[in-house]
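Got the structure open in your viewer? Here is a short tour through its open and closed spaces, one helix and a few cysteines.

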Amino acid sequence: MKIYRVGGSVRDELLGITIIDRDYVVVGATPEALVDKGFRPVGKDFPVFLHPVTQEEYALARTERKTAPGYRGFAFHAAPDVTLEQDLARRDFTINAMAVDDAGTLIDPYLGADDLKAGLLRHVGPAFAEDPVRILRGARFAARFGFAIAPETLTLMRAMADSGEVDALVAERVWQELARGLMEADPVEMLRVLDACGALVKVLPEFAPFDANARNLAALREAAALQLSLAARFAALCGTLDAAQAAQLAERQRVPNDCRDLVLVYLRHAGPFAQASALDAAALAELIHSADGLRQEARFLSLIAVAQLYATDSADDAKGTAKRLLAALHAARGVDAGAVARQHADAQSIAAAVKAARVAAVAAALHKAGYAPRAM
């Protein structure tokens with residue numbers, strides 16, 4: 001039995017990046033042998049085990065055979081006679097097909113270290129074309145590392161998109177990769193690569209062709225630079241869609257509720273947010289109420305951040321508008337609705353009194369801070 005550290009941790013170590021997760025391949029062993037050593041089996045599709053102390057993943061060396069369309073259409077063969085080189089051969093890119101033995105020796109049969117130095121994402125072999133998820137992973141790695149796609153790999157990715165392999169992907173798997181890509185250093189590069197290989201029109205047709213979405217892409221890039229949340233980055237990307245388009249996209253790709261809700265609330269209130277610098281206290285209080293800022297403060301703060309990305313004012317004016325919205329939000333939330341309600345007898349008069357109190361609080365806060373409405 002021989003154990004090798006493989007994949008991303010080897011790549012990141014060579015790049016000088018902090019290693020977060022370590023994966024291992026075990027050559028020359030059986031599942032029973034690992035269980036006897038205290039490893040706990042967790043894999044359903046192929047033999048993966050958790051180390052009894054570190055809880056890191058150890059997988060038996062295996063080969064793959066394509067049996068059906070999509071990323072799930074594989075049969076796996078794991079046996080003691082599968083070599084390390086055979087296991088590495090099934091991986092996506094050469095930079096992920098390296099291993100280190102227990103002595104620290106690099107094993108690099110597909111020259112991944114050379115591609116790391118050259119800043120290239122190159123597929124390991126023809127088996128790359130059997131898994132359409134690898135198109136998404138390639139785009140995501142390009143966004144993370146700023147690497148170029150090797151010409152022959154881009155050609156293969158185009159052929160995969162044209163063949164319909166991408167169409168076999170399940171929505172949850174697509175979103176998983178897109179979400180990771182949106183959180184990379186340059187998420188716009190992910191979309192550019194997807195467009196270059198013909199996959200963007202299939203997974204995110206709302207943004208194809210790539211060159212026709214300059215405003216969305218600029219907003220997304222700025223959201224990444226500001227290190228905004230995934231939900232805010234998704235809303236930034238979708239900021240010029242209408243609510244119906246965004247809802248359809250979210251449904252098609254099984255987008256999580258927080259991401260879906262943020263973009264839909266923003267799109268439904270994009271007009272008032274765009275005009276926030278000119279809104280009076282009553283209009284600001286109404287915006288906060290209708291966008292549910294009274295109950296969901298954190299989401300309203302994200303709405304302000306997204307609105308800033310699409311502001312047409314100067315940077316200083318946009319910051320001023322954001323501060324004005326923040327002051328209004330804190331003032332409206334600071335009203336003790338219960339105390340106001342106790343002064344009135346019926347529901348109608350209570351609602352009117354609470355609304356009036358919030359408008360008054362917003363007006364007072366804006367006056368105190370000197371945030372007068374600005375002419376549009």
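Helices here are DSSP runs of at least four residues coded H or I, numbered from the N terminus. Keep in mind as you click around that this is a predicted model.

**Stop 1: the largest pocket**

Start with H5, residues 133-145. This helix gives the most to the lining of the largest pocket, with seven residues. The pocket's volume is about 1,700 Å³, and of the 44 residues that line it, the closest to its centre are Asp23, Arg91, Arg137, Arg173 and Arg180. Show those five as sticks and centre the view on them.

Next, colour the other elements that each supply at least two lining residues: helix H1 (8-15), strands S2 (23-27), S5 (57-60), S6 (62-66) and S7 (74-78), and helix H7. What is the make-up of this lining, by nonpolar, polar and charged residues? It divides into 21 charged, 16 nonpolar and seven polar.

**Stop 2: the cavity**

Stay with H7, residues 171-182, and look for enclosed space. A search of the whole structure turns up one cavity of 30 Å³ or more, with a volume of about 30 Å³. To find it, select Trp175, Leu178, Leu182, Leu204, Phe234 and Leu237, which line it. H7 makes the biggest contribution here, three residues; helix H11 (230-237) also supplies at least two. By class the lining has six nonpolar residues, with no polar and no charged ones.

**Stop 3: helix H13**

Now select 257-268, which is helix H13. Its 12 residues reach 16 Å from the first C-alpha to the last, close to the 16 Å expected at 1.5 Å a residue. Which residues of H13 are buried? They are Cys259, Leu262, Val263, Leu264, Val265, Tyr266 and Leu267.

To see what covers these buried residues, bring up H7 and H11 again, along with helices H12 (243-252), H14 (270-274) and H16 (297-309), which are among the covering elements.

**Stop 4: the second largest pocket**

H13 leads on to another opening. The second largest pocket holds about 310 Å³ of space, and 22 residues line it. Zoom in on Phe273, Ala274, Ala307, Tyr310 and Ala311, which lie nearest its centre. Two or more lining residues come from each of H13, H14, H16 and helix H17 (315-333). H17 has the largest share, four residues. Check the colouring by class: 15 nonpolar, five polar and two charged.

**Stop 5: the cysteines**

Finally, display the cysteine sulfurs. A disulfide is a covalent bond between the sulfur atoms of two cysteines. How many disulfides does the count come to? Zero, with sulfur atoms needing to be within 2.5 Å to qualify.

Why does Cys197 not pair up with Cys238? The closest cysteine sulfur to that of Cys197 is in Cys238, but it is 19 Å away, too far for a bond. Cys238 is in no disulfide either; its nearest cysteine sulfur belongs to Cys259, 9.5 Å away.

Put a surface on before you leave: are Cys197 and Cys238 buried or exposed? Cys197 counts as buried because its relative accessibility is 2%, and Cys238 is buried too, at 0%. Cys259 takes you back to H13, where it is one of the buried residues.

How values were computed. Residues numbered from 1 in each chain as written. Predicted model: local features only at pLDDT ≥ 70, side-chain atom pairs only at ≥ 80, totals over all residues. Heavy atoms only, no water. Buried < 20%, exposed > 50% of the residue type's maximum accessible area, 1.4 Å probe, protein only. 1 Å grid on protein atoms, 1.4 Å probe; cavity = no way out; pocket = protein on both sides within 12 Å on 5 of 7 lines; lining within 4 Å. Points joined across faces, edges and corners; volume = space filled by probe spheres on them. Nonpolar A, V, L, I, M, F, W, Y, C, P; charged D, E, K, R; others polar. Expected span 1.5 Å × (residues − 1). Contact = heavy atoms within 4.5 Å.
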